[in-house]
Structure formats: structure tokens, C-alpha cells
Amino acid sequence: TYVVTDNCIRCKYTDCVDVCPVDCFHEGPNFLAIDPEECIDCTLCVPECPAEAIFADDDLPEDQTHFLELNAELVREWPVISEQKEPPPDATEWDGVPDKLKYLER
Ligand code: SF4
Ligand code: F3S
């Protein structure tokens, strides 16, 4: 599966959802998560993310491995999103800020 990681938080550009052939992104207030049981590993979403926040589960940066479990957990709480929408107005200010997990809203 592919995994959404820290830099998506408060950026949530949603470019990724437009290309996903199986609609496996789920939307929370300021983060998206990928359903590991639906993702077909097509890789299409990876280059679409302006925040470079999406990684293969076996290629996660060492400090992002906890996002694998977190994505699986959050998709059970959040609805599917299949169309791109406006990002938060301050998305670019948060792009690249490290360790945003404390800001995750659920
Ligand atoms: Fe969807 Fe493909 Fe990305 Fe998986 S790798 S989340 S199937 S676009
Ligand atoms: Fe998040 Fe990147 Fe998609 S910032 S919403 S994973 S395009």
C-alpha cells in the first residue's frame, strides 16, 4: 500500500485524489489517509502530491513509519474523497514544516 505522511497535515492539497483509480483516499479535517485494503499500488498519486507526502509502505522514511498504522486507523473514521477541492488558504505556509502530527484533527 501507499501511505500519506506528515507533510500532508495542514497542506491537504488533494491533487492525489483525482488520479486514484480506486478512490481509496479518505478525508479528515486537515489530512488525508489511504485505505491499505483498497490501494492497488499504482503509484499514480505519488508525483501528484505537491507536498511529496506519499510513500510506498516499504519505502517510508524512518521517521514516518508510524503513519502506516495511522492511515489504516483513520480510514475507518473518515469518508472517501474522490474529487479535488481547494486546499486550506494557508497550505503553502505549512508545506515543509516538520512534525505536524500534533496538529492532526480527527
Ligand atoms: Fe490510489 Fe494508486 Fe495512490 Fe494507491 S498508489 S492511493 S491506488 S493512486
Ligand atoms: Fe495530502 Fe498531498 Fe494529497 S498534501 S491531500 S497527500 S496531494
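**Notebook: a look around the chain and its two ligands**

I started with helix H2, where Phe67, Asn71 and Leu74 are buried. I looked down the helix axis next: these buried residues fall within an arc of 75°, so they line one face of H2. On the other side of H2 I found His66, Glu69 and Glu73, which are exposed. Note to self: this is a predicted model.

What do the buried residues of H2 pack against? I looked it up: they pack against E1, strand E2 (25–27) and E3.

**The whole chain**

I stepped back to see the layout. The chain has 3 helices and 4 strands. Reading from the N terminus, I get the order β-α-β-β-β-α-α.

Then I checked the overall size. The C-alpha trace spans about 30 × 30 × 25 Å along its principal axes. The radius of gyration is 12 Å, and a compact globule of 106 residues would have one near 13 Å, so the two agree. I also wrote down that buried residues make up 31% of the 106 residues.

How about contacts along the sequence? Taking contacts between residues at least 6 apart in sequence, I see that 80% join residues at least 24 apart.

**The core**

In soluble globular proteins, nonpolar side chains tend to be buried together. I went looking for that here. The largest nonpolar core has 25 residues, and Val4, Cys8, Cys16, Phe25, Leu32 and Ile54 have the most contacts inside it. Strand E1 (2–4), helix H1 (15–19), strand E3 (32–34) and helix H2 (66–74) each give two or more residues to this core.

I picked Cys16 for a closer look. Which residues does Cys16 contact, leaving aside its neighbours within four places in sequence? My list reads Phe25, Leu32, Cys45, Glu48, Cys49 and Ile54.

**The two ligands**

Ligand 1 came first in my notes. There are 13 residues around ligand 1, and Tyr2, Cys20, Cys39, Cys42 and Cys45 come nearest. I sorted that shell by class: 11 residues are nonpolar, 1 is polar and 1 is charged.

Then I turned to ligand 2, which has 14 residues around it. Cys8, Tyr13, Cys16, Cys49 and Ala51 come nearest to ligand 2. By class, the shell around ligand 2 splits into 10 nonpolar, 1 polar and 3 charged residues.

One last thing I jotted down: Cys16 turns up in both places, among the nearest residues to ligand 2 and among the core residues with the most contacts. Cys8 is also on both lists.

Terms used:
Residues numbered from 1 in each chain as written. Chains lettered and ligands numbered in written order. Predicted model: local features only at pLDDT ≥ 70, side-chain atom pairs only at ≥ 80, totals over all residues. Near = placed C-beta within 6 Å. Nonpolar A, V, L, I, M, F, W, Y, C, P; charged D, E, K, R; others polar. Core = buried A, V, L, I, M, F, W, Y, C linked by C-beta atoms within 7 Å. Buried ≥ 20, exposed ≤ 12 C-beta atoms within 10 Å, placed from the backbone. Contact = placed C-beta atoms within 7 Å. Rg over C-alpha atoms; globule rule 2.2 N^0.38 Å. Arc of directions from axis to C-beta.
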